[in-house]
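Biologist: I have a model open and would like to learn how to read it. Could we begin with the empty spaces inside?

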Amino acid sequence: MTTIPADAIRTADFAAVRALAAADMQRVDTLIRHRLSSDVVLINQIADHIIASGGKRLRPMLHVLSAAAAGYRGEQHIKLAAVIEFIHTSTLLHDDVVDESDLRRGRKTANALWGNAASVLVGDFLYSRSFQLMVELDDMRIMRILADTTNTIAEGEVLQLLNIGNADVDEAAYLAVIERKTAVLFAAATELGGILGGLPDHQVTALRRYGMELGYAFQIADDLLDYVSDADTLGKNIGDDLAEGKPTLPLIYALKNASPEQAQSLRHAIEHGGLDSLDRIIAAIRDSGALERTHERAVMHADAARSALDHLPPSTYRDALSALADYSVERKF
């Protein structure tokens with residue numbers, strides 16, 4: 001890996017963290033491109049579209065940084081990082097179909113270009129490709145963690161589907177969804193880095209806890225951005241969560257503190273979707289203090305993620321992981 005001065009990492013500069021992992025991530029991207037190749041033309045077309053759409057590759061980067069923080073100096077982390085990215089990308093393809101999304105990362109979604117059937121089937125291809133890579137690692141402990149993680153993500157997607165249009169979803173139910181849909185893959189990425197490095201169980205557990213808390217922080221901050229960012233910056237349509245009837249944390253908090261008239265408008269928006277009264281809904285959310293409270297909740301999880309890292313030996317890589325906790329709640333996209 002590239003050597004970056006520790007002071008640069010402590011500034012919570014995402015570019016410095018990315019530079020630290022750059023050499024490994026280039027190898028991960030090369031492997032991803034190679035393993036996405038198929039004799040089926042449509043798979044290649046959609047795969048090329050996914051790669052070209054960019055993205056931060058945060059989950060595989062978490063894995064390679066965690067492995068380095070654990071002292072691992074082998075080769076298996078490259079393949080595992082690709083597995084993690086395949087799992088994540090397959091969930092995005094399926095999510096866009098379920099959500100009927102047309103835009104992701106500022107580009108047309110695969111389902112908008114090729115239709116729902118093609119997106120679902122290529123998502124299945126990515127899932128199966130990830131399991132082919134897992135088998136090549138020939139480590140039952142690793143395969144069990146990734147298999148359990150993939151199953152839990154599927155449960156989370158179904159839970160979220162059940163919550164759509166339900167204005168009575170509370171904070172606990174919301175957190176149960178993001179734990180399964182988002183946090184468990186962050187946790188697997190970091191835990192597997194510790195396992196590769198041969199860390200003792202308490203340090204592997206600490207890395208998993210770091211990943212889980214970071215996943216909570218990242219998703220809560222992401223849900224907050226749906227109401228405070230703009231489409232050009234965020235790379236998706238603002239108000240998408242509201243249009244889809246998703247009761248995310250800003251809405252849940254707003255419902256608790258809004259005036260009766262505003263609460264009625266919020267409930268109607270969740271139950272019926274649509275963006276007919278988006279400006280009024282956003283005003284109600286802001287007036288209720290829900291945005292500040294949501295940010296505080298994200299920061300709480302980011303702080304917990306940083307605290308978990310105290311169990312690891314000091315290193316530039318541990319500093320990079322700590323910086324990502326800051327980035328997760330301060331980012332604008």
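Modeller: Take the second largest cavity of this predicted model. By class, its lining has six nonpolar, one polar and three charged residues.

Biologist: How is such a space found, and how much space lies in the second largest cavity?

Modeller: Rolling a probe the size of a water molecule over the atoms shows where empty space is left. In this case about 90 Å³ of space lies in the second largest cavity. Ten residues line that cavity, and Ile32, Leu36, Ile50, Arg57 and Thr89 lie nearest its centre.

Biologist: Which helix gives the most to the lining of the second largest cavity?

Modeller: H5 gives the most, with three residues. Helix H2 (14–36), H3 and H5 each supply at least two residues of this lining.

Biologist: How many cavities of 30 Å³ or more are there, and what lines the largest?

Modeller: The count is two. The largest cavity holds about 160 Å³ of space. Its lining is made by 13 residues, with His49, Ile50, Ser53, Asp96 and Arg104 nearest the centre. At least two lining residues come from each of helix H3 (41–52), helix H5 (76–99) and strand E2 (107–108). H5 gives the most to this lining too, with four residues. The classes here are four nonpolar, four polar and five charged residues.

Biologist: Back to the second cavity and the residues nearest its centre. Is Leu36 buried or exposed?

Modeller: Burial is read from relative accessible area, and under 20% means buried. Leu36 counts as buried because its relative accessibility is 7%. Leu36 is found in helix H2. Leaving out residues up to four places away in sequence, Leu36 touches Ile43, Asn44, Ala47, Ile51, Phe86, Phe125 and Leu126.

Biologist: And what is there to read in Arg57?

Modeller: Look at the backbone angle phi. Most residues other than glycine have a negative phi, and most peptide bonds are trans. Arg57 has a positive phi, near 55°, and is not a glycine. Arg57 lies in the loop between H3 and helix H4 (58–69). With 14% relative accessibility, Arg57 counts as buried.

Biologist: Where else does a residue that is not a glycine have a positive phi of about 55°?

Modeller: Asp138 is such a case. Its place is in the loop between H7 and H8. Asp138 is exposed, since its relative accessible area is 66%.

Biologist: Arg57 comes before H4. How do I check the length of H4, and how many of its residues are buried?

Modeller: Compare the distance between the end C-alpha atoms with the span expected at 1.5 Å a residue. The twelve residues of H4 should span 16 Å, and the end C-alpha atoms are 16 Å apart, so the two agree. Twelve of the twelve residues are buried, so H4 is largely enclosed by the rest of the structure. Among the buried residues are Arg59, His63 and Ser66. The buried residues of H4 pack against H2, H5, H9, helix H10 (201–228) and helix H17 (316–330). Just after H4, Gly71 has a positive phi of about 85°.

Biologist: What does the length check give for H8?

Modeller: Helix H8 (residues 140–163) has 24 residues and reaches 35 Å from its first C-alpha to its last. That is close to the expected 34 Å. The buried residues of H8 include Ile142, Met143, Glu157 and Asn163. The buried residues pack against H5, helix H7 (116–137) and helix H9 (171–196).

Biologist: What can be read at the two ends of H8?

Modeller: Asp139 caps the N-terminal end of H8, where a side-chain oxygen lies 3.0 Å from the backbone nitrogen of Arg141. H8 is followed by Gly165, which has a positive phi near 80°.

Biologist: One last residue, Ser130. Where is it, and is it buried or exposed?

Modeller: Ser130 is in helix H7. Ser130 is buried, because its relative accessible area is 0%. A polar atom of the Ser130 side chain lies 2.5 Å from the backbone oxygen of Tyr127. Not counting residues up to four places away in sequence, Ser130 touches Val83, Phe86 and Ile87.

Conventions: Residues are numbered from 1 along each chain as its sequence is written. This is a predicted model: local features need pLDDT of at least 70, side-chain atom pairs count only at pLDDT 80 or more; totals for chains, interfaces and linings use all residues. Side-chain values use heavy atoms; hydrogens and water are left out. On a 1 Å grid over the protein atoms alone, a cavity is a set of points where a 1.4 Å probe fits but cannot get out, and a pocket is an open set with protein on both sides within 12 Å along at least five of seven lines; lining residues have an atom within 4 Å of a point. Grid points are joined across faces, edges and corners, and a volume is the space filled by probe spheres set on the points. Ala, Val, Leu, Ile, Met, Phe, Trp, Tyr, Cys and Pro count as nonpolar, Asp, Glu, Lys and Arg as charged, and the others, Gly among them, as polar. The expected span of a helix is 1.5 Å times one less than its number of residues. Buried means under 20% relative accessible area, exposed over 50%, partly exposed in between (1.4 Å probe, protein chains only). Contact means heavy atoms within 4.5 Å. A polar contact is a pair of N or O atoms within 3.5 Å; within protein, one must be able to donate a hydrogen and the other to accept it, and residues adjacent in sequence count only if both atoms are side-chain atoms.
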